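Here are a few short exercises to work through with the model open. Try each one yourself before reading the solution.

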Amino acid sequence: MSWHVLGAGSLGCLWAARLTRAGIAVQLILRDSSRLASYRRAGGLTLVEQGQARRYPVPGQTADDPQPIRRLLLACKAYDAETAIAGIAARLAPGAELVLLQNGLGSQAAVAALVPQARCIFASSTEGAFRDGARVVFAGQGHTWLGDPLDDRPPRWLVDLERSGIPHQWSPDILGRLWRKLALNCAINPLSVLYDCRNGGLSDHPEEVAALCTELAQLLRTCGQTAAALDLHAEVQRVIQATAANYSSMHQDVAQGRRTEIAYLLGHACATAQQHRLALPHLEALHARLLEYLRAHGLPSH
Ligand code: NAP
């Protein structure tokens with residue numbers, strides 16, 4: 001059975017290349033016919049691993065191709081997910097399964113609501129890849145956790161990931177994992193943008209970090225995510241130390257003038273707190289400062 005991978009970006013190409021070289025059929029869905037034409041002219045996608053570039057002639061198509069979709073990896077940014085799924089919804093075969101790779105929270109539920117006939121599997125990945133012109137560079141080994149909040153039975157196609165050497169694990173608590181990652185992101189990334197510093201620079205702002213962690217843990221507990229709230233501050237401090245020399249992904253996005261996924265990270269945290277009528281003054285102030293900063297730098301605030 002063929003996989004469809006929607007989004008020929010960093011993670012989409014990384015997955016498509018590994019599935020393809022394991023002999024698994026993949027179709028890459030590109031944004032439009034002009035992108036498809038240039039993709040075909042290039043002879044497929046190019047993945048760079050450990051300095052070695054290799055081309056994979058993965059077949060490409062656009063959303064309006066008639067082929068039914070049974071298994072889809074959604075590999076676009078969170079803010080593109082709903083539009084992308086709306087564009088292929090009519091092609092989903094009965095019993096179709098979707099893997100949603102988006103960071104943060106909010107886009108997964110929005111996608112699932114658009115396609116109630118499909119099984120939506122949420123993913124959280126620590127793999128790292130980036131686009132370098134037309135090529136994709138596999139920059140950091142990592143792991144991908146997959147899970148379905150509505151059904152904890154693992155899908156049979158996990159064997160495809162095994163065969164492809166994609167490090168993964170089926171997680172019965174994928175929402176807890178996504179909430180924990182979101183909380184870590186909210187405690188580190190926005191401040192790294194506002195102070196224009198590497199993660200290690202946040203060691204100069206311990207009280208601010210601590211106050212955010214207290215509120216984030218309160219939010220997690222209010223959402224029923226008690227395990228995800230445990231020792232949050234200690235882990236944030238560990239991450240700040242361990243990644244002291246790195247710029248956060250949000251800092252990199254802003255520095256390169258790219259749209260951020262703020263609405264699905266800090267924005268989602270603040271919106272969820274409001275739904276629960278939970279006052280989190282430090283988190284709300286941070287959100288307001290970040291939105292203002294993005295506006296001042298001409299970047300979308302959603
Ligand atoms: P990316 O490099 O920007 O790739 C996204 C791709 O999706 C782009 O090629 C984009 O096309 C395409 N796309 C968007 N809408 C589309 C549509 N309607 N039809 C067809 N293609 C469409 O993003 P990424 O870095 O792979 O990230 C994907 C998600 O994974 C994000 O939520 C990110 O936070 C998460 N993530 C990424 C990494 C990483 O290391 N990259 C690690 C962990 C998690 P255009 O180029 O035309 O916009």
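**Exercise 1.** How many Å separate an oxygen atom of the ligand from a polar backbone atom of glutamate 127? Then look for backbone contacts from other residues and work out how far the protein covers the ligand.

*Solution.* Keep in mind that this is a predicted model.
- Step 1: Start at glutamate 127, where a polar backbone atom sits 3.5 Å from a ligand oxygen. That value just makes it as a polar contact, because the cut-off is within 3.5 Å.
- Step 2: Move to alanine 129, which places a backbone N or O atom 2.9 Å from an oxygen of the ligand.
- Step 3: Asparagine 103 also joins in through its backbone, with an N or O atom 3.0 Å from a ligand oxygen.
- Step 4: Now for the cover: on its own the ligand would expose 890 Å², and the protein buries 83% of this area.

**Exercise 2.** Which elements give two or more residues to the shell around the ligand? Say what kinds of residue make up that shell, too.

*Solution.*
- Step 1: Pick out the elements: α1 (10-21), β2 (26-30) and β9 (128-132) each put two or more residues into the shell.
- Step 2: Ask who gives the largest share, and you land on β9, with 3 residues.
- Step 3: Count the whole shell, and you get 25 residues, with Leu11, Arg31, Arg35, Ala129 and Glu261 the closest.
- Step 4: Sort them by type: 11 are nonpolar, 7 polar and 7 charged.

**Exercise 3.** What lines the second largest pocket?

*Solution.*
- Step 1: Get the volume, which comes out at about 160 Å³.
- Step 2: Go through the lining, which includes Ala109, Ala112, Arg119, Phe122 and Asp148.
- Step 3: Assign elements: α4 (107-114) and β8 (119-125) supply at least two lining residues each, and β8 has the largest share with 3.
- Step 4: Check the chemistry: 9 of the lining residues are nonpolar, 2 are charged and none is polar.

**Exercise 4.** What are the helix and strand percentages of residues 3-148 and of residues 173-290?

*Solution.*
- Step 1: Take the spans from UniProt, where an unreviewed entry annotates residues 3-148 as "domain: Ketopantoate reductase N-terminal" and residues 173-290 as "domain: Ketopantoate reductase C-terminal".
- Step 2: For residues 3-148, read off 25% helix and 40% strand, with the end C-alpha atoms 19 Å apart.
- Step 3: For residues 173-290, the figures are 68% helix and 0% strand, and the end C-alpha atoms lie 30 Å apart.

Technical notes: Residues are numbered from 1 along each chain as its sequence is written. This is a predicted model: local features need pLDDT of at least 70, side-chain atom pairs count only at pLDDT 80 or more; totals for chains, interfaces and linings use all residues. Side-chain values use heavy atoms; hydrogens and water are left out. A residue is near a molecule or strand if one of its heavy atoms lies within 4 Å of it. A polar contact is a pair of N or O atoms within 3.5 Å; within protein, one must be able to donate a hydrogen and the other to accept it, and residues adjacent in sequence count only if both atoms are side-chain atoms. Accessible areas come from the Shrake-Rupley method with a 1.4 Å probe; for residues, only the protein chains shown count as cover. Helices (H or I, at least four residues) and strands (E, at least two) are DSSP runs, numbered from the N terminus. Ala, Val, Leu, Ile, Met, Phe, Trp, Tyr, Cys and Pro count as nonpolar, Asp, Glu, Lys and Arg as charged, and the others, Gly among them, as polar. UniProt positions are given in the numbering used here, feature names are shortened, and annotations may be inferred rather than shown by experiment. On a 1 Å grid over the protein atoms alone, a cavity is a set of points where a 1.4 Å probe fits but cannot get out, and a pocket is an open set with protein on both sides within 12 Å along at least five of seven lines; lining residues have an atom within 4 Å of a point. Grid points are joined across faces, edges and corners, and a volume is the space filled by probe spheres set on the points.
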